[in-house]
Structure formats: C-alpha cells, structure tokens
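Colleague: Please take a close look at one helix of this model and then connect it with the core, the pocket and the loops around them. A single continuous account would be best, with residues named wherever possible.

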Amino acid sequence: SDGFHMMEQRLLDIVLREPDSSELRDAQIAMMDTVAVAVAGWAEAQPVTHAISAGQVGTNETLAALALGTAAHALDFDDTELVGKVHPSAALVAAGLSLGASLDRPANHVLASYCAGRRTAMAIGGLVQPQLSERGYHPTAAVMPLATAVTAGSLLGSPRDVIGQALAIATSFSAGTREAFGTLMKPFHAGLAAARGISAARLAAAGLVGPARALSGANGFVH
C-alpha cells in the first residue's frame with residue numbers, strides 16, 4: 001500500500017490503466033478540437049493571452065498552460081463532460097501540450113496522459129455532482145485541477161504513489177465559483193486548472209505529501 005485510503009486506491013486503479021485504441025482515438029480528436037477552439041478564442045482571451053505571450057508575466061510551462069487553457073474555453077465551444085458538468089479538454093490539453101513540449105514527450109505519451117486525466121474528471125465529477133454546482137462552485141475550476149494533476153504526473157513519468165500525491169495536493173488548488181460566469185474569469189478557471197495541475201504534479205515529484213484521504217475523508221473533496 002502507498003498510504004492512501006480505499007477510495008483513492010480504487011480511483012488510481014481506474015485512471016492509470018492503459019488506454020485502448022478507441023480511447024486514444026477519442027483523445028486525439030479531443031486534442032485537435034481543443035487546439036482549434038483555442039486558436040479561435042486566443043484574441044477573446046485577452047488580456048491573459050497577450051500578457052503571457054508578450055512575456056509580461058514570464059514564460060514557462062505553467063504559464064503556457066494558463067494561456068492555452070483560457071483560450072480554449074474562451075468561446076465556450078470546447079467539449080463538456082455531462083455527468084460532472086466540467087469542460088475537461090481545455091485544461092487537460094493545455095497542460096498536456098505545454099508540459100509535453102517542455103519534457104519533449106512523444107505524442108502517444110501525451111495522449112495516454114490525457115486519457116488518465118479525463119477518466120479522473122469523469123470519476124470525481126460524478127461523485128460531487130449535482131451538489132458542487134448547487135453550492136455555487138464552478139465544476140471546471142473545482143474538479144479539473146485534480147484531473148490535470150493526474151495528466152501532468154503521468155507525463156512526468158511519476159510512479160503511482162507520486163501521482164496519487166499530486167491528486168491529493170491538487171485538492172488544495174481547487175477553487176472558483178459560478179459568479180465568474182459571463183466574464184473572462186470563467187475561461188480563466190480552465191487555464192488555472194491546467195497550470196495548477198502541473199504545479200501539483202511537480203510538487204509531488206519534489207516530495208510534497210498531500211492528505212491520505214484527500215477525497216474520502218470526513219472533510220475530503222467528495223464530502
């Protein structure tokens with residue numbers, strides 16, 4: 001055992017399995033679609049994209065993910081996971097492409113990591129809805145940092161227990177309310193989820209330890 005509770009262990013079993021050819025094909029389509037809507041939404045996502053691309057706030061993999069994730073959700077044409085009511089690909093593709101490029105990962109590794117993150121979004125989203133939305137939280141802002149942490153941890157080549165730590169750490173990066181709807185802060189939530197997932201995975205790889213029952217504890221994420 002790596003110290004996690006049964007729910008957390010079971011989730012890792014599900015999300016870290018090897019994707020089949022159909023899942024990889026769906027991931028490839030989602031990536032192409034998300035890049036297309038990000039290109040279309042780049043201008044709409046100003047001033048975020050301009051500030052980052054102009055180097056006004058620095059340039060690195062997390063800021064690249066922040067810009068791409070924001071742009072991908074800016075026009076609200078990106079995909080939606082209906083059970084969890086999240087927009088998974090804006091954050092997952094942004095993190096996957098930004099970190100994947102930084103690490104020079106091959107395309108098949110990026111696609112497989114996307115699949116792990118999307119499974120995470122579906123599983124956790126299903127556990128917390130509809131209560132999450134009813135309490136005023138933006139599901140993409142709340143759930144996707146966790147899912148993106150799994151994608152980023154997979155891209156880093158972290159072992160299972162470290163990916164679990166990244167997921168636990170990311171619960172402390174979960175934030176954002178539905179009051180942001182109708183403003184640029186709504187797509188910014190997707191960008192933040194991408195950046196925060198990378199940060200969580202990097203911190204876990206550096207040795208930061210999250211709570212063992214980050215999801216299932218009495219005060220855990222799913223409660």
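Modeller: Helix H10 (185-205) is a suitable part to begin with, since 15 of its 21 residues are buried, so that the helix is mostly covered. The model is a predicted one, and what follows should be read accordingly. The length of H10 can be checked against expectation: at 1.5 Å a residue, its 21 residues should span 30 Å, and because the C-alpha atoms at its ends lie 29 Å apart, the two values agree.

Beyond the helix, the backbone of Gly207, just after H10, takes a positive phi of about 115°. Val209 also has its place in the segment after H10. With 50% as the limit above which a residue is called exposed, Val209 counts as exposed because its relative accessibility is 59%. Between Val209 and Asp78 there are 33 Å in space, C-alpha to C-alpha, and 131 residues in sequence.

From the helix I turn to the interior. The largest nonpolar core comprises 57 residues, and Tyr114, Ile124, Met144, Leu215 and Phe221 are those with the most contacts inside it. H10 is one of the elements that give two or more residues to this core; the others are H1 (6-15), H2 (21-41), H4 (61-74), H5 (88-103), H6 (107-128), H8 (139-156) and H9 (160-170). H8 supplies the largest share, 10 residues. Apart from this core lies another, of eight residues, which include Leu66, Ala67, Leu192 and Ala195.

Two residues illustrate the packing in the largest core and around it. Phe221, one of the residues with the most contacts inside that core, touches Ile124, Val128, Ala142, Val143, Leu146, Thr171, Ser174, Ala214 and Leu215, with residues up to four places away in sequence left out of the count. Val143, which is found in helix H8, is the second. Val143 is buried because its relative accessible area is 1%, against a cut-off of 20%. Its contacts, leaving aside neighbours within four places in sequence, are Val86, Ala121, Ile124, Gly125, Val128, Leu132 and Phe221. Ile124 and Val128 thus appear among the contacts of Phe221 and among those of Val143. Val143 and Val35 are 108 residues apart in sequence, with 21 Å between their C-alpha atoms.

Phe221 leads on to the largest pocket, which holds about 270 Å³ of space. Its lining is made up of 14 residues, and Leu132, Arg135, Tyr137, Phe221 and His223 are the closest to its centre. At least two residues of this lining come from H6, and at least two from H7 (131-134). By type, the lining divides into eight nonpolar residues, five polar and one charged.

The loop between H7 and H8 contains His138. This residue is buried, since its relative accessible area is 2%. His138 touches His73, Gly176, Thr177, Arg178, Phe181, Lys186 and His189, again without residues up to four places away in sequence. The contacts with Lys186 and His189 bring the account back to H10, whose range is 185-205.

The remaining loops deserve attention for their backbone geometry. In the loop between H6 and H7 lies Pro130, and the peptide bond that joins Gln129 to Pro130 is cis, with omega about 5°. A cis peptide bond also runs from Gln46 to Pro47, where omega is near 5°; Pro47 belongs to the loop between H2 and H3 (48-53).

The loop between H4 and H5 holds Asp76 and Lys85. Asp76 is a residue other than glycine with a positive phi, near 65°, and Lys85 is likewise a residue other than glycine with a positive phi, near 55°. Asp76 counts as partly exposed because its relative accessibility is 40%. Lys85 is also partly exposed, because its relative accessibility is 47%.

Terms used
Residues numbered from 1 in each chain as written. Predicted model: local features only at pLDDT ≥ 70, side-chain atom pairs only at ≥ 80, totals over all residues. Heavy atoms only, no water. Core = buried A, V, L, I, M, F, W, Y, C linked by side-chain atoms within 4.5 Å. Buried < 20%, exposed > 50% of the residue type's maximum accessible area, 1.4 Å probe, protein only. Helix = DSSP H or I, 4+ residues; strand = E, 2+ residues; numbered from the N terminus. Contact = heavy atoms within 4.5 Å. 1 Å grid on protein atoms, 1.4 Å probe; cavity = no way out; pocket = protein on both sides within 12 Å on 5 of 7 lines; lining within 4 Å. Points joined across faces, edges and corners; volume = space filled by probe spheres on them. Nonpolar A, V, L, I, M, F, W, Y, C, P; charged D, E, K, R; others polar. Expected span 1.5 Å × (residues − 1).
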